[in-house]
Every structure is written in structure tokens, then in C-alpha cells.
Amino acid sequence: MAIHPTTLIDSKAEIDSSVEIGPFCVIGPNVKIGAGSIIKSHVVINGHTTIGCNNEIYQFASVGEANQDKKYKGEPTQLVIGDSNVIRENATIHRGTIQDNGITTVGSHNLFMASTHVGHDCIVGDHNILANFAALAGHVVVGDHVILGGYTGIHQFCQVNSFSMCGMGSMVSKDVPRYVMVSGSPAKAHGMNFEGMRRRGVSAEVIRALRTAYKTVYLKGLTLESALLELEHGDMFHIPEVAEYILSIRHSKRGIVR
């Protein structure tokens with residue numbers, strides 16, 4: 001194990017022998033770090049925090065620290081992080097609260113750029129990008145392949161569904177449906193992430209269907225319920241991507257960005 005002599009590691013921490021830890025880091029007693037992970041310098045990892053394999057955490061990041069909820073009284077809540085994530089400088093990821101499930105969860109293959117924040121009880125999926133200063137308040141759910149532009153703020157309890165995108169400086173206080181692009185303060189919908197779909201090999205037929213589905217919800221002047229019923233009884237509902245788009249709206253508890 002390559003550990004710099006200036007780093008402080010509690011004897012109860014469980015760290016794989018292949019982990020590299022740079023100078024002036026602090027690792028708490030209930031921390032577990034998986035194989036192949038690299039912890040740069042001046043990183044603090046605290047709490048009941050489990051970090052998977054091949055993660056890379058840069059200097060001055062704070063991972064697994066006590067959350068900022070005033071109701072928190074030091075309960076042994078958790079942070080669980082998957083594999084192959086990159087957590088850049090000054091990023092903060094907090095553990096959960098007992099008012100929720102007690103766990104903040106981060107999946108795999110995510111990029112958290114400098115000064116990003118993941119609040120308590122968030123659930124973050126896989127292959128997401130949070131650009132500089134993007135912040136998730138408590139209890140936020142982020143799907144897979146989501147991009148949050150710099151300085152984006154997501155209100156507590158919001159859902160940002162898979163393959164969606166938030167432009168720089170977006171202030172999001174409602175749910176973002178699957179595939180939809182939003183921007184502004186407050187955020188408003190501005191089409192779908194069609195370019196991202198093309199890069200992932202989504203067919204032209206599916207893109208046309210999603211374009212029609214988007215127009216039905218956002219541009220036809222229908223009530224949301226009428227638009228969803230029209231789509232559910234139409235010819236495109238058999239297309240999985242369209243059905244997933246509809247479900248992401250149906251499952252919204254806060255209402256969607258419009």
C-alpha cells in the first residue's frame with residue numbers, strides 16, 4: 001500500500017492493499033476503500049463511508065462528512081460510492097439522514113468536477129457529469145447519463161431523470177423528465193438531448209418519435225394529463241424510449257419543468 005507518511009488513517013479503516021493515498025489526508029475509522037482507488041493529497045474521508053474500486057479523489061475533497069441538515073444529531077448514517085468515479089478538487093459528498101433511508105448513494109463512472117456538492121440522502125446513478133459548482137440539495141435523485149452544467153442547482157426532493165441535461169446556471173425546482181434539456185432560472189424546458197442520443201446510437205426513428213412526444217407534452221397546449229393520455233393511446237407507446245419518457249413524467253411527485 002502506497003501511503004504518504006503524513007496521512008492519518010484510523011486503525012479501524014478498511015483499505016485495500018492496492019490503494020494509493022497521498023500526503024496530508026485524513027481517513028476515519030468507519031471508512032472502507034476498494035482496490036485500485038487513488039486518493040490524492042489533503043482529502044478527508046469520514047463517517048460510515050464505503051468507496052468501491054478504481055475511484056480517484058482529488059485534493060481538498062470532503063467525502064462522507066456529516067450532512068448539513070439541522071435535524072442531524074450524529075446518527076451513524078452512510079455514504080456508499082460505487083466504482084470508477086472521479087471526484088475533483090473541493091467536491092463535497094455528505095452522508096444521509098435518518099429522516100430518509102439513512103444512505104447517500106453514488107453509482108459508478110461519474111465525474112464530479114471541482115466544487116460540486118452532493119447533499120444528504122441523494123441517489124446518483126451511473127455515467128453522470130456534474131460540472132463545476134453544480135449542487136444537489138438533499139434527497140435529490142439523478143438517473144444515468146445526466147449532464148448538469150456549471151453552477152446548476154437542484155432543489156431538494158427533485159428528480160433529474162436519465163439522459164436529461166441542465167444548462168449552465170440552471171435553477172431546477174421541479175422534476176426533469178427523461179431526455180429533456182432545461183436551462184434558466186427558474187429552469188424551463190428547451191427540447192430534448194437529441195445530439196446526445198445520436199452519439200449513443202439511438203435510431204432516427206426513435207428520435208422522431210421522441211420529438212413528437214415532446215411536442216405533445218410541451219407545445220400542443222394540452223393539459224399534462226391529456227397529453228400523456230394521447231401518447232399512451234397512440235401508435236408510439238410501444239417504443240420503449242417513448243414509454244420511458246412518459247413514465248418519468250407519470251412518476252413525478254413535484255411536477256415537471258415546463
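These legends walk through several close-up views of a predicted model.

The model is predicted, so local features are described at pLDDT of at least 70 and side-chain atom pairs at pLDDT 80 or more, while totals for chains, interfaces and linings use all residues. Residues are numbered from 1 along each chain as its sequence is written, and side-chain values use heavy atoms, with hydrogens and water left out.

**View 1. Nine strands line up in an open, parallel sheet.** The order is 2-5-8-11-14-17-20-23-26. At the edges are strand 2 (8–9) and strand 26 (171–172), each pairing on one side only. Strand 26 runs parallel to strand 23 (residues 153–154), joined by two bridges; look for G153 with its bridge partner M171. Strands here are DSSP runs of E with at least two residues, helices are runs of H or I with at least four, and both are numbered from the N terminus. Two strands pair if DSSP finds at least two bridges between them.

**View 2. Strand 9 (residues 48–51) shows its two faces.** In a regular strand the side chains alternate between the two faces of the sheet. Here T49 and I51 point to one face and are buried, while H48 and T50 point to the other and are not. Buried means under 20% relative accessible area, exposed means over 50%, and partly exposed lies in between (1.4 Å probe, protein chains only). Strand 9 runs parallel to strand 6 (residues 31–33) through three bridges, with I33 opposite I51. Four bridges also join strand 9 to strand 12, again in parallel, and T49 has L79 as its bridge partner there.

**View 3. Strand 27 (residues 180–183) alternates as well.** V180 and V182 share one face and are buried, whereas M181 and S183 point to the other and are not. Strand 27 pairs in the parallel sense with strand 25 (residues 165–166) over two bridges, and C166 stands opposite V182. With strand 28 (residues 188–192) the pairing is antiparallel, over three bridges; S183 is partnered by K188. Strands 27 and 28 form a hairpin with four residues between them, and G184 in the turn has a positive phi of about 105 degrees.

**View 4. G119 is a buried loop residue.** You will find G119 in the loop between strand 17 (117–118) and strand 18 (123–124). Its relative accessibility is 4%. Leaving aside neighbours within four places in sequence, G119 is in contact (heavy atoms within 4.5 Å) with H94, T104, L136, A137 and G138. G119 and Q68 are 51 residues apart in sequence and 7.9 Å apart in space, C-alpha to C-alpha.

**View 5. P76 is an exposed loop residue.** P76 belongs to the loop between strand 11 (62–65) and strand 12 (78–81). The relative accessible area of P76 is 59%. From P76 to E230 the C-alpha distance is 48 Å, with their positions 154 residues apart in sequence counted as the separation.

**View 6. Residues 175–257 carry a record annotation.** The unreviewed UniProt entry labels this stretch "domain: UDP N-acetylglucosamine O-acyltransferase C-terminal"; such annotations may be inferred rather than shown by experiment. Over residues 175–257 the chain is 49% helix and 11% strand, and the end C-alpha atoms are 6 Å apart.
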